[in-house]
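Visitor: Could you take me through one part of this structure slowly, and explain how its pieces fit together? I am in my first year, so please go step by step.

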Amino acid sequence: MGDITANFSDSEFLCQCGLPCALSSQSNIYIPFVRKLQEIRNQLGPMLINSGSRCVAYNRKVGGVLNSKHLAIYKGKSLAADIHCVSRVARHKMIREAINLGLSVGINETFIHLDARKIPVLFTY
């Protein structure tokens with residue numbers, strides 16, 4: 001049971017820096033974005049969030065770009081999540097669903113980056 005949607009909880013989107021940053025106890029994830037993730041989950045089943053909200057220090061540590069959608073850049077909210085995905089079939093389904101919902105998609109071998117930027121894009125790592 002989630003506290004944001006039926007299956008997603010705020011704790012899944014917390015910063016993973018390991019420090020007492022503002023985002024390690026309560027995420028700043030953009031709720032309409034999580035609702036879109038829930039729509040994907042409704043179609044595909046359980047999804048493991050690798051990374052949600054990030055503080056600037058953690059974003060730098062993991063090699064995130066300066067204007068990362070994982071940072072609180074939209075009205076103080078984070079617009080992105082990286083979702084564990086190693087199966088080619090699951091990856092294809094997730095990408096298809098995300099594009100249909102107007103999300104941006106970043107493709108990596110082990111995860112799919114999804115975000116709710118204003119103009120959707122598709123990219124690879």
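Guide: In this predicted model, five strands form an open sheet, and reading across the sheet gives the order S1-S2-S4-S3-S5, with mixed pairing. S1 and S5, the latter covering residues 122–124, stand at the edges with a single partner strand each, so one side of each is left without a neighbour in the sheet. If you compare neighbouring strands of this sheet and ignore their direction, they are turned by 30° against each other on average.

Let us look closely at S2, which runs over residues 80–84 and is mostly covered, since 4 of its 5 residues are buried; buried here means a relative accessible area under 20%. On one hand, S2 pairs with S1, residues 49–51, in the antiparallel sense over 2 bridges, and in this pairing isoleucine 49 has isoleucine 83 of S2 as its bridge partner. On the other hand, S2 pairs with S4, residues 111–115, again in the antiparallel sense, this time over 5 bridges, and here alanine 80 has aspartate 115 of S4 as its bridge partner.

Following the chain from S2 towards helix H3, you come to a loop between the two, and serine 87 is found in it. Serine 87 has a relative accessible area of 33%, and is therefore partly exposed, because that class lies between the limit of 20% for buried and the limit of 50% for exposed. Serine 87 is also 86 residues away from methionine 1 in sequence, while the two are 25 Å apart in space, taken from C-alpha to C-alpha.

The loop brings us to H3, and with it to a question of packing. In general, two packed helices are described by the angle between their axes and the distance between the axes. Helix H1, residues 31–44, and helix H3, residues 88–100, pack at an angle of about 140°, and their axes are 10 Å apart. This angle makes H1 oblique to H3, because only angles over 145 degrees would count as roughly antiparallel. The crossing of H1 and H3 is right-handed. On the side of H1, the contact is made by Ile40, Gln43 and Leu44, and on the side of H3 by Lys93, Met94, Glu97 and Ala98. Sorted by character, the residues of this contact between H1 and H3 comprise 4 nonpolar, 1 polar and 2 charged.

Key:
Residues numbered from 1 in each chain as written. Predicted model: local features only at pLDDT ≥ 70, side-chain atom pairs only at ≥ 80, totals over all residues. Heavy atoms only, no water. Buried < 20%, exposed > 50% of the residue type's maximum accessible area, 1.4 Å probe, protein only. Pairing = 2+ DSSP bridges. Axes fitted to C-alpha atoms, helices over the stretch in contact; angles between N-to-C directions. Parallel < 35°, antiparallel > 145°, perpendicular 65-115°, else oblique. Left-handed = near helix turned anticlockwise from the far one by under 90°. Contact = heavy atoms within 4.5 Å. Nonpolar A, V, L, I, M, F, W, Y, C, P; charged D, E, K, R; others polar.
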